[in-house]
Amino acid sequence: MSTNYEFTPVENELIGGLASKMRVVGGFNIAIGLLYLVAAAFIGVVIAQGGIPEEIRAKLPPEVKLPSDTRILWVALVQELLVGVFFLLIGIWTRRAAFAFAEIPATSGADISHLMKALGALLAKYGLIYTLVMIFLTLIVLSMVATLFQAFA
């Protein structure tokens with residue numbers, strides 16, 4: 001196959017529309033990731049100040065029981081960081097693919113190289129998602145085995 005392949009105008013329109021929507025979705029994911037990272041920064045500040053101040057604790061409903069140390073805040077911090085980085089990476093890779101797809105109808109003579117660049121960004125994105133799914137499934141199976149072992153032991 002020649003590297004000078006050019007997509008047809010109809011194909012270019014399809015690819016351009018995909019790129020446009022991917023840019024928006026990627027930007028949204030980046031924004032969500034940044035919000036999570038800002039939340040993590042706030043939690044980090046609360047941890048650095050020694051935990052949730054008593055005047056805030058006093059305003060909470062009586063049924064809300066928070067530990068007096070910062071353990072739960074550390075858990076929340078790690079969670080916010082992981083989710084923030086996840087959304088940020090997904091957004092960045094989605095936008096990289098979108099910009100590469102957008103180059104296909106905008107240029108001539110390099111459609112295949114732009115397509116391969118876009119596919120590389122999508123591979124990174126779905127590689128991360130695949131890895132997380134495999135970890136999740138492994139944890140489910142281990143949990144089921146542990147539950148069965150405990151039930152029949």
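Trainee: In this predicted model, which handedness does the crossing of helix 3 and helix 4 have?
Mentor: Start with the packing. The axes of helix 3 and helix 4 lie 7 Å apart, at an angle of about 160°. The crossing of the two helices is left-handed.

Trainee: Are helix 3 and helix 4 roughly parallel or roughly antiparallel?
Mentor: Take the angle of about 160° between them. Angles over 145 degrees count as roughly antiparallel. Helix 3 and helix 4 are therefore roughly antiparallel.

Trainee: How do helix 1 and helix 3 run relative to each other, and what is the handedness of the crossing?
Mentor: Helix 1 spans residues 9-48 and helix 3 spans residues 71-106. Their axes come within 6 Å and cross at roughly 160°. Helix 1 and helix 3 are therefore roughly antiparallel. Helix 1 passes helix 3 in a crossing that is left-handed.

Trainee: How many residues of the contact of helix 1 with helix 3 are nonpolar?
Mentor: Split the contact by residue class. There are 3 charged and 10 polar residues. The nonpolar residues number 32.

Trainee: Which side chains meet in a salt bridge?
Mentor: The count comes to 1 salt bridge. Its N to O distance is 3.8 Å, and the cut-off is 4 Å. Both partners sit in helix 2 (residues 54-59), 3 residues apart, so about one helical turn separates them. The pair is Glu 54 and Arg 57.

Trainee: What accessible area does the nonpolar surface patch with Met 144 have?
Mentor: Met 144 is in helix 4, residues 111-152. The patch also includes Tyr 130, Phe 136 and Ile 140. Together, the patch residues have an accessible area of about 660 Å².

Note on methods:
Residues numbered from 1 in each chain as written. Predicted model: local features only at pLDDT ≥ 70, side-chain atom pairs only at ≥ 80, totals over all residues. Heavy atoms only, no water. Patch = residues over 30% accessible without salt bridge, like charges linked within 9 Å, V, L, I, M, F, W, Y side chains within 5 Å. Areas by Shrake-Rupley, 256 points an atom, 1.4 Å probe, with all protein chains shown as cover. Helix = DSSP H or I, 4+ residues; strand = E, 2+ residues; numbered from the N terminus. Axes fitted to C-alpha atoms, helices over the stretch in contact; angles between N-to-C directions. Parallel < 35°, antiparallel > 145°, perpendicular 65-115°, else oblique. Left-handed = near helix turned anticlockwise from the far one by under 90°. Nonpolar A, V, L, I, M, F, W, Y, C, P; charged D, E, K, R; others polar.
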